[in-house]
Amino acid sequence: LPSPDGPAPSVSITEIRQYLRAQDIPFHDGYSCLHTPSLFTGGRGVQPLSAKAPFTLFIDKTTGSFLCTATLAEGTWQDFQANVELRHRGITPIPPASSEETEEEMRQAREDARCIWERALPLWELLDEKETKETKALFGISMVTDATLKRFGVRYLRTARSLVFPWFSPQDATLKGLKLVRVEKNGGTITYVEETLPRFDSYRNLFGLPLIGRRDTELVLTGWELDALALHQAAGVASLALPRGASCLPPTLLPYLEQFKRITLWLGEDLRSWEAAKLFARKLSLKRCSLVRPGNLQPRPLEALNQGLNVTKILRSALLASHKSIVSFRQLREEVFGELVNTEQVSGVKWARFPELNKLLKGHRRGELTIFTGPTGSGKTTFISEYALDLCMQGVCTLWGSFEINNVRLAKIMLTQFAGRRLEDQLELYDEWADRFEELPLYFMTFHGQQNIKTVIDTMQHAVYMYDITHVVVDNLQFMMGHEHLSVDR
């Protein structure tokens, strides 16, 4: 499981700017990144980087990580400095390499994706019109035209009854991966099940990116591929879909969003997507972001298209993300109404397995601290891992800080709870359950025993920025604070 191995030594935006000036590297100040000419293209050796070269290297203002959109080289701030040193010595910088294992995994995923892509058919090329109509109705896209599906390259895989969304490299339009979406009906409820190649944590497709022109300055960012189709068709706007919907906006995607002067976030129709939109707007720079507030008359884009609502009008009514320091009730009026209409959603994400807990706590809400106490051995860790897993399975991005028991043991407990069976008796099922467990938005801090509180907070902040964590579990405070010596109450 990915672990934020304590943040890399933190670097401030001031230090980054000072370093670039000292090294004579020209740069522009962007919204969430600094733009510089790439170290990995064009002029080699010791000559200085030219301000006339295209500025294709982006340095994240919060973490110092960089991405070159021309060569797809990426790395930490330390990697960037090392490459600048290499240039000074007349050596061609080499992009930081990922591990051979990861390379092999990505190559395999690409190969699998290519095989599926070749077997999938465009929707209008199915056997007959009846099959096409039934398939479109199943996914709720009867109103989406063939021209729109063709433009975005959406296909249908008959054997898996899934829609196939391609991930093309923005560099050379080669196929890098796929997302498969199928419909599961359970009684009256319809759920969409997604699967990606490569796996979720490596799947970083901004769906629709190759269709964006260099001159586009306005963008609508959605949480779902079908919403991006609906927006383009109904309003003719440039629209992109995030790879993991409203659950996270990976910082490696920020460079691709730098060209837009105005971004409207329309992520979905519930309050969780509204909360996510506010969080993402901070990453993207509040000044250029507007948010579409979910409501009965403002459902998600696909739903708006299906209901025949005026999508352009909804986009115009988007609220500016940057709030002034002082507001009047008039500015809050809509938000207050939204909270009254959606009382169920305001109370947070409900636990699926603990109805009694929902009565007590209403649900998991951001910004709340819950403390569980009990004597040693009473089952706090066992219960809290079950409690956190319940939320995590509903898409709540979770960070664990286990200071008392090590991560391997904790992961074993959680995997057993997730599978609902004793895996030591059925080892042949291990890989299948481990693969499913790996898809969860779950991360572990690598600390153990007493820690410096500042280091722990820094790691948490780093994880919140990188993985959009909304739930942090600390087990337990006593161990983290070194509280075995009870002489001082800290």
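Start with the largest nonpolar core of this predicted model. Select Leu206, Leu219, Leu221, Leu257, Ile263, Leu265 and Leu284, the residues with the most contacts inside this core, which has 32 residues. In soluble globular proteins, nonpolar side chains tend to be buried together.

Next, colour the elements that give two or more residues to this core: strand E11 (218-222), strand E13 (262-266), helix H7 (271-284) and strand E14 (289-291). Which of the elements gives the most to this core? Helix H7 does, with eight residues.

Now colour domain 1 (13-89) and domain 2 (102-320) separately. The core lies between these two domains, because both give residues to it.

Stay in the core and select Leu257. Which residues is Leu257 in contact with, leaving aside its neighbours within four places in sequence? They are Leu206, Leu219, Leu221, Leu240, Ile263, Leu284 and Arg288. Of these, Leu206, Leu219, Leu221, Ile263 and Leu284 were already selected in the opening step, being among the core residues with the most contacts.

A second, separate core has 27 residues. To find it, select Cys392, Ile405, Met414 and Phe444, which are included in this core.

Met414 leads to the next stop, since it belongs to helix H14 and takes part in the meeting of H14 with H15. Show helix H14 (residues 407-419) and helix H15 (residues 430-438) together; their axes come within 10 Å and cross at roughly 100°. That crossing makes H14 roughly perpendicular to H15.

For the side chains at this meeting, select two groups:

- From H14, take Ala411, Met414, Leu415, Phe418 and Ala419.
- From H15, take Tyr430, Trp433, Ala434, Arg436 and Phe437.

How many of the residues in this contact are nonpolar, polar and charged? Nine are nonpolar, none is polar and one is charged.

Zoom out to see the whole domain assignment, which gives domain 1 (13-89), domain 2 (102-320) and domain 3 (355-479). The centres of domain 1 and domain 3, taken over C-alpha atoms, are separated by 37 Å.

The last stop is Val193, in strand E10 (residues 189-197). Is Val193 buried, partly exposed or exposed? Val193 counts as partly exposed, because its relative accessibility is 24%, and buried would mean under 20%.

Leaving aside neighbours within four places in sequence, Val193 is in contact with Leu180, Val181, Arg182 and Glu184. Finally, add Ser162, which is 31 residues from Val193 along the chain; their C-alpha atoms are separated by 9.2 Å.

Definitions and conventions
Residues numbered from 1 in each chain as written. Predicted model: local features only at pLDDT ≥ 70, side-chain atom pairs only at ≥ 80, totals over all residues. Heavy atoms only, no water. Helix = DSSP H or I, 4+ residues; strand = E, 2+ residues; numbered from the N terminus. Buried < 20%, exposed > 50% of the residue type's maximum accessible area, 1.4 Å probe, protein only. Contact = heavy atoms within 4.5 Å. Domains from an automatic or database assignment. Axes fitted to C-alpha atoms, helices over the stretch in contact; angles between N-to-C directions. Parallel < 35°, antiparallel > 145°, perpendicular 65-115°, else oblique. Nonpolar A, V, L, I, M, F, W, Y, C, P; charged D, E, K, R; others polar. Core = buried A, V, L, I, M, F, W, Y, C linked by side-chain atoms within 4.5 Å.
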